[in-house]
Every structure is written in C-alpha cells, then in structure tokens.
Amino acid sequence: MKQALLVIDIQNDYFKAGKMELVAPGQTLKQINKLETHFSERNEPIIYIQHINYQPNPLFFENGTSGADLHQQLHVNSSSIIVEKQYPNSFFQTTLQETLASLQVEQLVVTGMMTHMCVDSTTRAGKELGYHPILISDATATKDLTFDNRTVQAKDVQSSYLAALQNFAKIVSTEEYLK
C-alpha cells in the first residue's frame, strides 16, 4: 500500500513565544523529523498541511505573520507539497484528496498538532475516505484544556484522544513505525 506522511500544522504559533504554545512541541518535531528522513530516503511523499487564518484578529495562524509559517526545522524545500487549510479537517475545502489521488496514495501516516483538533478531525476523515490511517502517537502534541471550571492536563487530553482514535487508526510510536 503506497503511503504518504501527513504533517499537520507544525507552525511557529505552536512553539515557545507563539500565540498558542503547546506542551512539548519540540519533542513532537524531533519525531516528525525522523519520519521526514525515513520518507525522503524511500522517495515516498510528504505532505505538509498549513492552517492559515484569514479572519480579522484571529487568535493564531494569522495570514501574513511568522506565527503562521511552517516551522523552520521541518525539511520543507522548494519541491515540497504544501496544502493550505482553514478548518480542522485537512480534507475539508482543500486540495488534499486530489493531491493524494494524483500521487496514488492508499495509506496516510498522520502526524501533527493539535491532537484534539486537526489531528483528530483529519484522522477520522482519512478513515472515512478509505486511507487506512496510521497515527504516530509521539509525533503529535496538544495543550491543557479547560472544561467545567477544571483544567484537563495535556497528557490526559493526549491519552484520551489517542484512546478514542484507536477506532479510526492504527496507533504506534515513531520507533514502532520505523521498525
């Protein structure tokens, strides 16, 4: 089955001094870099998803700001495939599905940020569209959330979402995938 690596929203606003800093985004980026190297060495496609917010005064990923830029430590170059999106689901109103079809991709290896938003939405859509997702657990990141006047720690958000996504994807670590 031909695979593609999907790298969702690894953008500056999610890192230190960004407008929406996540928990341990640098660790996530290191795992994604390992996967980028793996896919590049095998000449398999890597697709970068970039969320751009065109709304006035958005909280983050504002069009034209450095916060919306893909992180400089990604292996992006002039021939990289970059799909822009405006919604959590990377398939919704984007060219992603057409891109995958043109590359004859049958399976997605999903990485990215935030686990509880765009990774979740895209993984579920990928399953529904027949892409047999593999979700790389340590190549995703999230943040603390608040509900009912309680803070839900990022590690608990991460565990909860990964537990639920087992119904939509095979979930493995970077090390397990690379074996």
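**Strand E2 and helix H1**

Me: What's up with the two faces of E2?
Reply: Both are covered: Ile 46, Tyr 48 and Gln 50 on one side, and Ile 47, Ile 49 and His 51 on the other, are all buried. Buried means under 20% relative accessible area, exposed over 50% and partly exposed in between, with a 1.4 Å probe and protein chains only. Strands (E, at least two residues) and helices (H or I, at least four) are DSSP runs, numbered from the N terminus.

Me: And is this model predicted or experimental?
Reply: This is a predicted model, where local features need pLDDT of at least 70 and side-chain atom pairs count only at pLDDT 80 or more, while totals for chains, interfaces and linings use all residues. Residues are numbered from 1 along each chain as its sequence is written, and side-chain values use heavy atoms, leaving out hydrogens and water.

Me: Why is E2 called largely enclosed?
Reply: Because six of its six residues are buried, the rest of the structure largely encloses E2.

Me: OK, which way does E2 run against E1?
Reply: E1 and E2 run parallel, joined by four bridges; strands pair if DSSP finds at least two bridges between them. Leu 5 stands opposite Ile 46 in E2.

Me: What about E3?
Reply: E3 (residues 81-85) pairs with E2 in the parallel sense too, over five bridges. There, Ile 81 is the bridge partner of Ile 47.

Me: Switching to H1, how many residues does that helix have?
Reply: H1 has 17, residues 25-41. Its buried residues include Leu 29, Ile 32 and Phe 39.

Me: Anything odd just after H1?
Reply: Asn 43 takes a positive phi of about 55° there.

Methods:
Expected span 1.5 Å × (residues − 1).
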